[in-house]
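Trainee: I should be grateful for a close look at a single part of this model, namely the place where the two chains meet. Please take me through that part in one connected account.

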2 protein chains.
Amino acid sequence: MAIGNALVDVLSTEAEEFVTAHGMVKGSMDLIDTARAETLYSAMGPGVEISGGSAANTIAGVASLGSTSAYIGRVSQDQLGTVYTHDLRAAGVRFETAPATDGLPTGRCLIIVTPDAERTLNTYLGASSELTADDVDGELVRGAAYTYLEGYLWDSPAAQEAYKLAAEIAHGAGKKVALTLSDGFVVDRHRDTFLELIEGSVDVLFANDVEIQMLYEVDDFDTAIARVRNHCELAAVTRGPDGSVLLSGDDVITVPVEPIPGGTVVDTTGAGDLYAAGVLHGLVQGRDLRTCGRLGGLAAAEVISHLGARPQVSLAESAATAGIA
Amino acid sequence: MAIGNALVDVLSTEAEEFVTAHGMVKGSMDLIDTARAETLYSAMGPGVEISGGSAANTIAGVASLGSTSAYIGRVSQDQLGTVYTHDLRAAGVRFETAPATDGLPTGRCLIIVTPDAERTLNTYLGASSELTADDVDGELVRGAAYTYLEGYLWDSPAAQEAYKLAAEIAHGAGKKVALTLSDGFVVDRHRDTFLELIEGSVDVLFANDVEIQMLYEVDDFDTAIARVRNHCELAAVTRGPDGSVLLSGDDVITVPVEPIPGGTVVDTTGAGDLYAAGVLHGLVQGRDLRTCGRLGGLAAAEVISHLGARPQVSLAESAATAGIA
């Protein structure tokens, strides 16, 4: 099961200049307020709306691969909240967090996709920022082999409490806790508490090469991964087109990328989320780490072949076709 | 300028069986009520939301090709209405119809895309059905070289009055009126009034091969086009992969399809709408009929290469690259 910011993605393809003209750091995530959201949306071209949210994308991927899945996150009782709830349930994910009946609207992420397929995220949290420890369904967490937490929500103190409670419940039931670092700036803002969390309560850590180096404030990849292997049971680190590395005890398993359906990278939104989905599904199903990494690569390759961060085909069928099972 | 049903498309790819199991006629448009909309939406997989509406797609295509454009259609003052308004304006279309502040929500079209790329439309009209003659902005119509009307709205008596008024204003200002037949079942429901309208007030008629045969209740294409040439100044009839035929006076111009970007037909939603966009842009710019047909083929080829019925690239640039100008 997963906990995260429930966000509807609004995707628009723009020229490189758009990113710089609006003061964005390409490839990163920026938290924006209502005024900035309105300014940016007005400046963006026609959009495509697709349900997103990092941990929700991951859990939708887990469901598509065939594992049981559930999600905790908050939307509002508005049109976008209805769309969000429909999409997650239609993906096969159990989703029963009560929608907010007043307050902020359903959160959204304004995503600028540049011609190089890179995505730059501008997140208006809206109702998703109102997630608290009260929303953590203990029965769901106790029943899940893995509880997956997204680093993005670390920006909200109330959500941190929700995460800590979920981790405590999971470990109390003898289950595992997984975390993704989410974003370099998020890591930078919360380095101390992340390190504390990882050493104390994270069994499986997901990160990309930039995030893991930022976490340990080191300049090279090898130093970073040497550090992380003592901090959690398993670390799965992605390196974009160079595939991924899985570290567990003395094992270092390097896994290349999988072929992209159609051959073209269209939109990298969700690449890390879906990599995590493949690894988590593999772990739940008791697969060896190399297979877990390949499942991650397969799910990531599918999601970057089209616009949006949710799988558009059955990943279980894709895995069977690719002979990864 | 164009007048039509303002609808947000909700697209989902489903197996062939979904269409038959839910009693749909593949490739057609069905008007659905709230209860049916809820049942179908619950049954559909995760969706992608993209602004649509037949005439709005056409006018967005006209804008993308570089002609001045405006739209009249009604949304509600809700989240989907905001998205709709943003998308149309961001596409460069003047859109100032006042949104409804109460009553029905913004209309939507639940679109089932089958693996053969065919689309089946289930339209919940919502606020779009509240369009009346009062919404016809006389100044816009008088200023437009062409007023384009979509047959879909013929199901609403109030909208018929709006259309008739718009046609009268356009002709009074010495401008042209264009109509698309939209759908075989729509033609069947309104054959008499369509024939009356076409003979009396339509200068340019758009249709596909099925619709034109249904209009005249004939079994073959040649008989149908022999009939239509006496009824309006120009008829542009599409034939799917066989291209299109433009008929004007004694001229019969056959135009083949243009190559599909990427080579694959993903979703045929909007093919006819964008064909009309290319032809209208060509007419406005004073191009010869063959060039008009090629521009239509170019715009249609782009829109069927991806999910959704609005162009995702600058069609003006595509036309320049293809050497059609």
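Mentor: The account below treats the contact between the chains and then turns to one helix of chain A. The model is a predicted one, and every value that follows is computed from it.

In the contact between the chains, 21 residues of chain B meet 21 residues of chain A. On the side of chain B that touches chain A, two or more residues each are given by strand β4 (48-51) and helix α4 (79-90) of chain B. Helix α4(B) supplies the largest share of that side, namely six residues. Sorted by class, the side of chain B that touches chain A comprises nine nonpolar, eight polar and four charged residues.

The arrangement of the copies comes next. A turn of 180 degrees, with a shift of 0.0 Å along the axis, lays chain B on chain A with an RMSD of 0.0 Å. The two copies are therefore related as by a two-fold rotation axis. Within chain B, Glu49(B) has the C-alpha nearest the axis, at 2.4 Å from it. Both copies use the same surface, as 100% of the contact residues of chain B recur in chain A.

Helix α9 of chain A, residues 209-216, completes the account. Its buried residues are Glu211(A), Ile212(A), Gln213(A), Met214(A) and Leu215(A). These buried residues of α9(A) pack against α7 (184-189), α8 (191-201), β11 (204-208), α10 (221-228) and β12 (234-238) of chain A. Just after α9(A), a positive phi of about 50 degrees is found at Glu217(A).

Key: Residues are numbered from 1 along each chain as its sequence is written. Chains are lettered from A and ligands numbered from 1 in the order in which they are written. This is a predicted model: local features need pLDDT of at least 70, side-chain atom pairs count only at pLDDT 80 or more; totals for chains, interfaces and linings use all residues. A residue is buried if 20 or more other C-beta atoms lie within 10 Å of its own, exposed if 12 or fewer, and partly exposed in between; C-beta atoms are placed from the backbone. Helices (H or I, at least four residues) and strands (E, at least two) are DSSP runs, numbered from the N terminus. Two residues are in contact if their C-beta atoms, placed from the backbone, lie within 7 Å. Copies are superposed by least squares on the C-alpha atoms of residues with pLDDT of at least 70 in both. Ala, Val, Leu, Ile, Met, Phe, Trp, Tyr, Cys and Pro count as nonpolar, Asp, Glu, Lys and Arg as charged, and the others, Gly among them, as polar.
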